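Hi,

Here is the structure I said I would pass on. Have a look at it first, and then read my notes below.

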Amino acid sequence: MRLLAAARPHRRTLLVLGALILIAAAVRMPFWLSSTYAYGHGDAIIWEVWSRAIHQHGFINVLRTADSNNIGYHYVLWPTSVIYGWISPDYELWTAPIRILIKVPPFLCDLALAALLFVAARRLLPFDASPLRRDVLPALAAGAFVLAPATIYDSMWWSQIDSVITVTMVGAVLLLARGHAGWAWALWTIGFLFKPQPLVIVPPLAAYTYWTLGAGATLRGAAAAAATALAALAPFLLHGDARLIGETYDRMFEQWPLDLSQGAWNGWSILDARGDPHPSSTALSLAGLRVSYATASLALCSVATLVVLTYLRQRLDLYGLLAACAMMVFAFYMLPTSTHERYLYAAFALAAPLLVRTPLLAPGYAVLSATFFLNLLAINPPNDDQFWRWERTDFAVAVAAFHVAIFLGAMLLIAQRAAAGLTRLPGISVAPAALPHEPRMAYGEQEIG
């Protein structure tokens with residue numbers, strides 16, 4: 001610490017960031033060959049199968065030769081297929097080299113998130129904060145995410161790509177807060193093409209774009225998103241795969257007709273543990289009108305979105321945008337039927353920078369991070385030990401009830417802040433020209449982030 005205090009501000013910042021990235025990399029090193037109980041029928045083996053299809057039949061034919069429910073991530077698997085094709089001309093699966101190669105993208109994105117969250121947290125600190133505090137606190141906030149057991153387990157044990165998607169979401173928020181609507185929406189589109197989860201932050205991103213940058217920037221963002229999507233899909237469209245693309249996205253948005261919750265420990269999972277309702281089952285009847293669980297969940301999602309947007313209208317800065325996006329991801333984990341356990345992942349990244357401005361969030365962040373880790377272990381344990389099988393047990397119900405309480409508390413807090421802001425706004429309006437943008441953090445003649 002004394003060495004850091006003596007270093008020049010710009011150099012100290014780079015040292016702290018470098019140390020954070022090295023630590024994040026080091027704690028992941030022992031798990032390159034690790035796999036979960038579901039490896040043989042989980043996403044990790046799917047990445048291997050798809051990469052083999054690219055190797056054997058060519059990238060352009062992957063939608064026709066692999067039972068794919070994804071499009072954009074094939075661009076990441078393409079170089080993986082080339083490298084492993086050199087290592088194993090027969091493209092043997094279940095080997096150590098392919099297992100490592102499959103984990104490289106989420107590993108690199110974990111490290112990228114460490115840097116992005118560090119930068120985001122520094123932008124939230126006041127100018128009068130001490131230089132040392134402006135380096136250490138952001139590192140602690142970013143470390144709360146990248147060193148969390150759930151984050152490491154998701155990428156390095158499960159071989160999931162949630163960090164890849166989350167990089168695009170956090171990057172889009174940072175770019176938009178700096179006024180770069182086109183680049184922000186292009187990056188968001190890349191994440192959406194990988195997997196559709198980034199769709200949940202469209203309401204706050206779109207509202208922020210319009211409220212702070214105006215209609216012109218909103219149109220530029222939409223054009224950038226459309227151009228990015230068209231560029232990515234063009235090879236398949238020209239190849240005559242428009243129908244396959246439509247079928248792929250139809251499967252991705254399909255409601256699973258099995259349980260209300262597909263692994264997420266939310267309120268629906270409590271109902272699953274106490275009975276056997278389906279999303280299409282009747283949740284309640286109003287004046288003879290049948291309301292299914294799926295319809296009720298859609299109504300709840302709409303209410304949550306309106307509350308979050310009302311809050312964002314009063315807090316049009318980087319802090320407000322991060323908080324709004326984090327709450328939308330949290331709502332996506334809690335409210336829709338057929339939602340999965342990993343869908344809470346991005347909320348921790350989006351909320352981590354907020355810790356430097358609101359330390360009171362830290363206890364809830366830590367506990368929720370721990371219960372999220374337990375949720376991952378229960379759904380996809382590291383082995384077949386009966387000890388890990390908590391799904392639909394009283395323990396799982398208790399954790400789900402805790403998640404419901406935390407979510408309701410967070411929504412009430414957001415609603416309270418939104419209502420308080422409304423009372424301070426004449427005519428409930430804000431002049432866009434008077435809205436402040438997040439400044440860069442300058443160090444003398446140097447700028448970081």
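**What I found**

Of the 449 residues in the protein, 52% are buried. Keep in mind while you read that this is a predicted model. Its secondary structure comes to 18 helices and four strands. Contacts are worth a look too: among those in the protein with a separation of 6 or more, 74% join residues 24 or more positions apart. As for the outside, the accessible surface comes to about 19,700 Å², and carbon and sulfur atoms account for 68% of that.

Now for the inside. The largest nonpolar core has 128 residues, and the two that touch the most other members are Phe145 and Leu205. Helix α15 provides the largest share of this core, with 15 residues. As a bit of background, nonpolar side chains tend to be buried together in soluble globular proteins.

Try clicking on Leu205. Which residues does Leu205 touch, not counting those up to four places away in sequence? You should find Val173, Leu176, Trp185, Trp188, Leu321 and Cys325.

Leu174 is another one to pick out, and it sits in helix α9. Is Leu174 buried or exposed? Its relative accessibility is 6%, so Leu174 counts as buried, given that the cut-off for buried is under 20%. If you leave aside neighbours within four places in sequence, Leu174 is in contact with Leu116, Ala120, Arg123 and Leu318. You can also check a distance here: Leu174 and Ala184 are ten residues apart in sequence, and their C-alpha atoms are 7.8 Å apart in space.

Next, the empty spaces. How many cavities of 30 Å³ or more does the structure hold? There are two.

- The largest cavity has a volume of about 100 Å³. Helices α9 (162-177), α15 (318-334) and α16 (345-351) each supply at least two residues of its lining, and α9 gives the most, with four. Residues in that lining include Asp162, Met169, Phe332, Arg342 and Tyr345. Sorted by class, the lining has eight nonpolar, two polar and two charged residues.
- The second largest cavity holds about 50 Å³ of space. Two or more lining residues come from each of α7 (133-146), α8 (149-157), α16 and α17 (361-379). The largest share, three residues, is from α17. By class, this lining splits into eight nonpolar, two polar and no charged residues.

Look out for residues that turn up twice. Tyr345 lines the largest cavity and also the second largest cavity. Phe145, which I mentioned for the core, is in the lining of the second largest cavity as well.

Last comes a pocket. The second largest pocket has about 640 Å³ of space. It is lined by 24 residues, and those closest to its centre are Met327, Ala351, Leu361, Ala410 and Leu413. Which helix gives the most to this lining? That is α18 (394-423), with seven residues. Helices α15, α16 and α17 each supply at least two. As for class, 20 of the lining residues are nonpolar, three are polar and one is charged.

So where would I look again? Helix α15 is a good place: the core draws its largest share from α15, and α15 also helps to line the largest cavity and the second largest pocket.

Have fun with it!

Methods
Residues numbered from 1 in each chain as written. Predicted model: local features only at pLDDT ≥ 70, side-chain atom pairs only at ≥ 80, totals over all residues. Heavy atoms only, no water. 1 Å grid on protein atoms, 1.4 Å probe; cavity = no way out; pocket = protein on both sides within 12 Å on 5 of 7 lines; lining within 4 Å. Points joined across faces, edges and corners; volume = space filled by probe spheres on them. Nonpolar A, V, L, I, M, F, W, Y, C, P; charged D, E, K, R; others polar. Buried < 20%, exposed > 50% of the residue type's maximum accessible area, 1.4 Å probe, protein only. Contact = heavy atoms within 4.5 Å. Areas by Shrake-Rupley, 256 points an atom, 1.4 Å probe, with all protein chains shown as cover. Core = buried A, V, L, I, M, F, W, Y, C linked by side-chain atoms within 4.5 Å.
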